[in-house]
Structures are given as structure tokens and as C-alpha cells.
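Here's a quick tour of one loop residue and of how two domains meet. Have the model open while you read.

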Amino acid sequence: MKSKTDVVIIGGGVTGCSLAYMLAKKGIDVVVAEKNYLSSGATGACGAGIRQQWSTKENTELAIKSIKIFESLSTKLGQDIELRQGGYLIAVHDAKEMRQAEKNVNMQRSLGLKVDILDSDEINDVVPVLDVKGMAAVGATFCPTDGHANPFKTTFAYANAARKKGAEIYTHTKVTDIKTINKKISAVKTGKGIIKTNTVVNAAGVWSKKIAEMVDIKLPNVPFRKEILATERLKPMFEAMVISFKDGIYFSQQEEGHIVGGIPIPREKKGYKTMPTFSFIQHMSKTLTRYVPQLKHINMLRHWTGFYDVTPDARPILGEIKELKGFIQCNGFSGHGFMLSPIVSQILSDFITDGKTSKILESLNVNRFKGKKIDHEMYVVG
Amino acid sequence: MKKSAIVCRCEDITEEEVLKAIEEGYTDLEELRKKLRIGMGPCQGRVCVQIVIKILEKKTGKKVSKISIPTSRPPIIPVPLGTLASDKDEK
Ligand SMILES: Cc1cc2nc3c(=O)[nH]c(=O)nc-3n(C[C@H](O)[C@H](O)[C@H](O)COP(=O)(O)OP(=O)(O)OC[C@H]3O[C@@H](n4cnc5c(N)ncnc54)[C@H](O)[C@@H]3O)c2cc1C
Ligand code: FES
């Protein structure tokens, strides 16, 4: 293990690995410390959907920029990340939801996004298997360039490309402490040795709060357990990701044919417990077969849990902590960190290498929670 | 074993593919599984994971620690969604 480096990234999920790649590409000496294996956190549990239809302008802008990067990522990294752009269909259930949807679509279109509003009888043109009556939809919005990628392959592709550019990635290496001198970062202690550095990036997902506690910084993030299931493989039936904010459900058919999706767990609790529950399976099966009745005879294959690292406004925490020089946050993704990873790592790598800041980076700093009005992202599922 | 022997029947993965992935640097059992989808089929890896561990140990010369052997996830046998959705024990 190295004894000294420019930057230590804590966490080998999709964000840690993509940031390592961006920094290494700029010639920065970077180390990633991951306590398990790459993608062992939320990244490996996630639906890996990529959506540009958001209710806040900031998230929409970030997601549009991310998709642009995703579109050329396989070529850039030299490995296929299995990006599929089958669109996202967002079900709209009543007049009130439709007014909100129209408002959002206008905002999204003003940013150059192509997005359509569908009548209830147009829904089956996009996703033929949906039972429009059963799902009680009065319409939908549809953005054809939304999609999903393979979260493992994306993470591995970033990590491999980062290594080629000189990054060192240590798996099974847990960060146990962070050392400071005069309110500046000085070193990171791991289970395998100490690394001297002036810059630490906290990309530890749902464990970021614990990492921050090592240097007496309080983050407002809260872990929320999420469950997700996969059916057996089926022949290709539809390409879009289907979501509903009212029912909280999201599901899509993966490249290999499995239908994968989730829904909030009734009586869900905060915390780090990972045991899957039967109430999730039942609630999910009921809702899914109401949306797609022909799935009744299809077997559920697997069921697993992961965590959303949730902030008070459901937007990530990015950038340097004012009280501690060199301590950079990259967490609080609140259930949409996969899709934001390309743009977030670009913004942070610009900041780390050139001190370049931007309006968006400033607006995502943790100090936004100090006594200011919060613009909450409303479009969160799962 | 022949080079083209099937290692994971559910996901149709051959020994050759496993060896190639190990050569590419996927020497961590979990990363290897996730790259190739080994163990994610209907049998949840009961058929293939032990074989993959043997291949990995032989190729890298390192023992795979017992702790890192994946757990199978519920349900143990596939169940139809219609059955899971049935109302019996809920109002
Ligand atoms: C069920 C589910 C579905 C989701 N669906 C989507 C979706 O469709 N689209 C989307 O964009 N997002 C989705 N998300 C959210 C997405 O998975 C996360 O936002 C994203 O993966 C975060 O990546 P990360 O790299 O920041 O964190 P993680 O992947 O959690 O990585 C953090 C890493 O830090 C490591 N770590 C922790 N503590 C330490 C330590 N002390 N020392 C060393 N390493 C440490 C962990 O082992 C972990 O590997 C979903 C999440 C879940 C749970
Ligand atoms: S043989 Fe590999 S999952 Fe069944």
C-alpha cells in the first residue's frame, strides 16, 4: 500500500470509482479505499435507472448532462456498460398529478429535453403490457432518452480505466480513522496502513455519516432500507422503465429478460438492518400484477435489500466542508446516485484539480441546510 | 474439464468465460460473480458457486475465505407473483 497520495476516496461504489477515473485522467495521484469489494454498497443493489424527468430544475439539468456522458461512456472507458435508452414512462393518476406533470414537462422542455405527455389510450403504444385501467392512469409522461445501465459493469469499467491511468484501488480495505492537523486533513488510517494525504473524498454511501463523525462533522443523511426483486427471465416485452409516484413503484425489463423493480415497504423504518421482508414481496407482487396482469404466472427469483442515503431535500451533498480543509463530500444521493455519478465526478474533479467551483456545486454544499428554505425534489420513487 | 464446459447452467456461463474474467483481473469472488451473473439464476448458485470457487483458487493460488461465500437470497425456490400477491393473510 502507498504511504502518500494526493487524494483518498473512501468508497468503491459507482461514484468513488468514477471520481477516481476523472482525477487519474487529470494526472492526480489517487487512491480508493473500499472496505468490501467494488460495487458492494448501494451500487450493487440498485436499479441503475437513468432519468431526466425531475421536478427541480437542478436535478433535471444534472441528469441531462449525465445522460450525455453515459452515451459515450462505453467507448471512452473501453468496456460496455450496457446502456439501454428505452425511456421512462411516468404514470399520472389524477388531475392534480397531471397539473404537476405539465409544469415539470414545461420546465424540462425549457432545458431542451424531449419529453411527451401521453393520453391514457397512448400508454399502450409505449408499453403494450400495461393494464391502463388496473394501474388507474389518466395519462403519462414519457422521455425516450431515459434508460438504464448495468451498475456492476459501469463501476468495473470506471475502476479498470482509472487503474490504467494510474489510480490505486484497494478493496477489503476499511477506513478506520481520519487524521487532521490545524483544521486540515493530514492522513487516512485504514485496516492495512496509514496513507498521508491533504484531500479526502467521503463517497461511502450510506456509511458517509459515520465517516464524517470521525472528524466530528455531522451530516444530516439518514439511511433508508429499500427492497427490490427480480423475476425469472422472460422474452423481451417492453423497453421503458415504468414508474408511479403515487404508488411508489418502479420496474423495468433488464437486458437479460428479468423484470426488476421496487416499491416502498409499508411501515418502513430508518436504520441499517438488511433483512428482506415478506410485506415488501406481497405489496410489490400485488402492485406489479395490477400494472401487468400477465405477470401473475411468472416466478419471482430473487429479492434483496439496499440503502438510500437520504438528505432533507433528497439532493446530494457535494463539495468541501467549510470547517475542514480538504474534506470533500460526495454522498446523500437519496436513491438517484447511479444516474448522477458521471456529472458529479466531473464537477468534483474540476473542483479538486483547479479549485473550480460553480453555482450548482455551491448549491449542493452541506451548509445549505443551515437555516435556509429547502427546495425539495418531489419526484422520488422506490 | 474441457475448456468450454458449462460452469453455471442457469446463466449459461462456461469455464472459458470464467478464466478469461479472472485474467482480466476479476479475482474477487463477488466481483467475478457480478461481472458474469454467476449464481443469479433460479438455483441461486447452488450448482455453480462451489465450482467457480475451485477455478478461482486454482487459477490465483489463493484460498477464497469462507466469509466471502455468498448467501442465497429468498425465496429459496421460485414462486409465482400471483401467489405472492394473494390476499390471504392481509386485510
Ligand atoms: C434498491 C435500490 C434501487 C436504486 N435504484 C436506483 C436507480 O434506479 N437509479 C439511480 O440512479 N440510483 C438508484 N439507487 C441509488 C444508487 O444505488 C446510489 O445512489 C448509488 O449507487 C450511490 O453510489 P455510491 O458509490 O455513492 O455509494 P455506494 O455504492 O453505497 O458505495 C459506498 C461504498 O463505500 C464503502 N464503505 C463504507 N464505509 C467504508 C469505510 N469505512 N472504509 C472503506 N469503504 C467504506 C462501502 O462498502 C460501499 O461499497 C438505488 C438504490 C437502491 C438501494
Ligand atoms: S447454475 Fe449458476 S445460478 Fe444456477
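Leaving aside residues up to four places away in sequence, A:G205 touches A:D309 and A:N331. You'll find A:G205 in the loop that runs between β12 (199-202) and α8 (208-213) of chain A. Since this is a predicted model, take the contacts as computed from it. Buried or exposed, where does A:G205 fall? It counts as partly exposed, because its relative accessibility is 30%, and partly exposed covers the range between under 20% (buried) and over 50% (exposed). For a sense of distance, A:N104 sits 101 residues from A:G205 along the chain, and their C-alpha atoms are 29 Å apart.

Now for the domains. The assignment splits chain A into domain 1 (7-46 + 151-221 + 313-369) and domain 2 (88-144 + 222-308). Taken over C-alpha atoms, the centres of domain 1 and domain 2 of chain A are 30 Å apart.

Here is how the two meet:

| Between domain 1 and domain 2 of chain A | Value |
|---|---|
| Buried area | about 810 Å² |
| Salt bridges | zero |
| Residue pairs in polar contact (both at pLDDT 80 or more) | one |

Helix α2 (residues 42-45) of chain A gives the largest share of the domain 1 side that touches domain 2, with three residues. By type, that side of domain 1 of chain A divides into six nonpolar, four polar and one charged residue. Across the boundary, 11 residues of domain 1 of chain A are in contact with nine residues of domain 2 of chain A. Carbon and sulfur atoms give 66% of the area buried between these two domains of chain A.

Conventions
Residues are numbered from 1 along each chain as its sequence is written. Chains are lettered from A and ligands numbered from 1 in the order in which they are written. This is a predicted model: local features need pLDDT of at least 70, side-chain atom pairs count only at pLDDT 80 or more; totals for chains, interfaces and linings use all residues. Side-chain values use heavy atoms; hydrogens and water are left out. Domain bounds come from an automatic or database domain assignment. Contact means heavy atoms within 4.5 Å. Buried area is the accessible area (1.4 Å probe) that two parts lose on being put together, summed over both. A salt bridge is a side-chain nitrogen of Lys or Arg within 4 Å of a carboxyl oxygen of Asp or Glu. A polar contact is a pair of N or O atoms within 3.5 Å; within protein, one must be able to donate a hydrogen and the other to accept it, and residues adjacent in sequence count only if both atoms are side-chain atoms. Helices (H or I, at least four residues) and strands (E, at least two) are DSSP runs, numbered from the N terminus. Ala, Val, Leu, Ile, Met, Phe, Trp, Tyr, Cys and Pro count as nonpolar, Asp, Glu, Lys and Arg as charged, and the others, Gly among them, as polar. Buried means under 20% relative accessible area, exposed over 50%, partly exposed in between (1.4 Å probe, protein chains only).
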